[in-house]
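Open the model in your viewer and keep the sequence panel in sight. We will move from one selection to the next.

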Amino acid sequence: MAAKRSSKLTQTAMLKQIIKRCSSLGKKQCYDEEGLPLDVPKGHFPVYVGENRTRYIVPITFLSHPEFLILLQQAEEEFGFHHMGGLTIPCEEVVFLSLTSMIR
C-alpha cells in the first residue's frame with residue numbers, strides 16, 4: 001500500500017512540474033511570481049493538440065478521468081516528461097475535442 005501511495009505522490013509531483021513548465025510556445029504573455037501564465041485561470045492548465053499544436057486550456061479535474069490519463073500516458077511515451085515547449089497531446093484535435101466534451 002505504501003509503494004502505491006508513493007508512486008501516486010511521485011506521479012502527482014511530476015504532473016505539477018509539467019503544468020508549471022507549460023507555456024504558450026513563444027507567444028508574449030505575462031507570468032505570475034511562480035512563473036505560471038496569467039492567461040490560464042486557476043485550476044486549469046494549457047495543452048497543445050494536433051498537427052498545428054493548437055493550445056487548449058483544460059481544467060485540472062481532467063487529471064482524474066481515466067480517458068484523459070490515457071492521453072497523458074501517450075504523451076509520455078511519445079515525448080517523455082522532460083521535453084521543452086509545453087504539454088503536447090499526440091492526437092488529432094477532433095479526437096481531443098470529442099473526448100473533452102464527454103468528460104466535462
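**Stop 1: a residue on helix α2**

Select Gln73, which sits in helix α2. This is a predicted model, so treat each stop as part of a prediction. Is Gln73 buried, exposed or partly exposed? Gln73 is partly exposed, because its relative accessibility is 45% and the partly exposed class lies between 20% and 50%. Now add Ile89 to the selection. Gln73 and Ile89 are 16 residues apart in sequence. In space, their C-alpha atoms are 9.4 Å apart.

**Stop 2: the whole chain**

Zoom out and colour by secondary structure. The protein chain has 3 helices and 3 strands. Follow the elements from the N terminus: the order is α-β-β-α-β-α. The chain holds 104 residues, and 32% of them count as buried. Its accessible surface is about 7,100 Å². Carbon and sulfur atoms supply 58% of that surface. Next, think about contacts between residues with a separation of 6 or more. Of these, 48% link residues 24 or more positions apart.

**Stop 3: the hairpin**

Select β1 and β2. How do these two strands run, parallel or antiparallel? They run antiparallel, and 6 bridges join them. Together β1 and β2 form a hairpin, with 4 residues between them. Click Val49, then look across to β2: Thr54 stands opposite. Now go to the turn and pick Gly50. Gly50 has a positive phi of about 80°.

**Stop 4: Arg53 and Thr88**

Stay in the loop between β1 and β2 and select Arg53. Its phi is near 50°, and this is a positive value in a residue other than glycine. Arg53 counts as partly exposed, because its relative accessibility is 29%. Show side chains and add Thr88. You will find Thr88 in strand β3, which covers residues 88-89. Thr88 is at 5% relative accessibility, so it counts as buried; the cut-off for buried is under 20%. What does the side chain of Thr88 make with the side chain of Arg53? The two side chains make a polar contact, at 2.5 Å.

**Stop 5: the nonpolar core**

Hide the polar side chains for a moment. The largest nonpolar core has 16 residues. Which of them touch the most other members? They are Val47, Phe68, Ile89 and Phe96. Four elements give two or more residues to this core: β1 (44-49), β2 (54-59), α2 (66-79) and α3 (93-103). Return to Ile89 and show its contacts, leaving aside neighbours within four places in sequence. Ile89 then touches Val47, Tyr48, Val49, Gly50, Leu71, Leu72 and Phe96.

**Stop 6: inside helix α3**

Select Thr100 in helix α3. Thr100 counts as buried, because its relative accessibility is 4%. Add Leu97 and show backbone atoms. The backbone oxygen of Leu97 lies 3.2 Å from a polar atom of the Thr100 side chain.

**Stop 7: the loop after β2**

Finish at Thr61, in the loop between β2 and α2. Is Thr61 buried or exposed? Thr61 is exposed, because its relative accessible area is 52% and exposed means over 50%. Add Gly43 as the last selection. Thr61 and Gly43 are 18 residues apart in sequence. Their C-alpha atoms are 7.9 Å apart in space.

Note on methods. Residues are numbered from 1 along each chain as its sequence is written. This is a predicted model: local features need pLDDT of at least 70, side-chain atom pairs count only at pLDDT 80 or more; totals for chains, interfaces and linings use all residues. Side-chain values use heavy atoms; hydrogens and water are left out. A nonpolar core is a set of buried Ala, Val, Leu, Ile, Met, Phe, Trp, Tyr and Cys residues joined through side-chain atoms within 4.5 Å. Buried means under 20% relative accessible area, exposed over 50%, partly exposed in between (1.4 Å probe, protein chains only). Contact means heavy atoms within 4.5 Å. A polar contact is a pair of N or O atoms within 3.5 Å; within protein, one must be able to donate a hydrogen and the other to accept it, and residues adjacent in sequence count only if both atoms are side-chain atoms. Accessible areas come from the Shrake-Rupley method with a 1.4 Å probe; for residues, only the protein chains shown count as cover. Two strands pair if DSSP finds at least two bridges between them.
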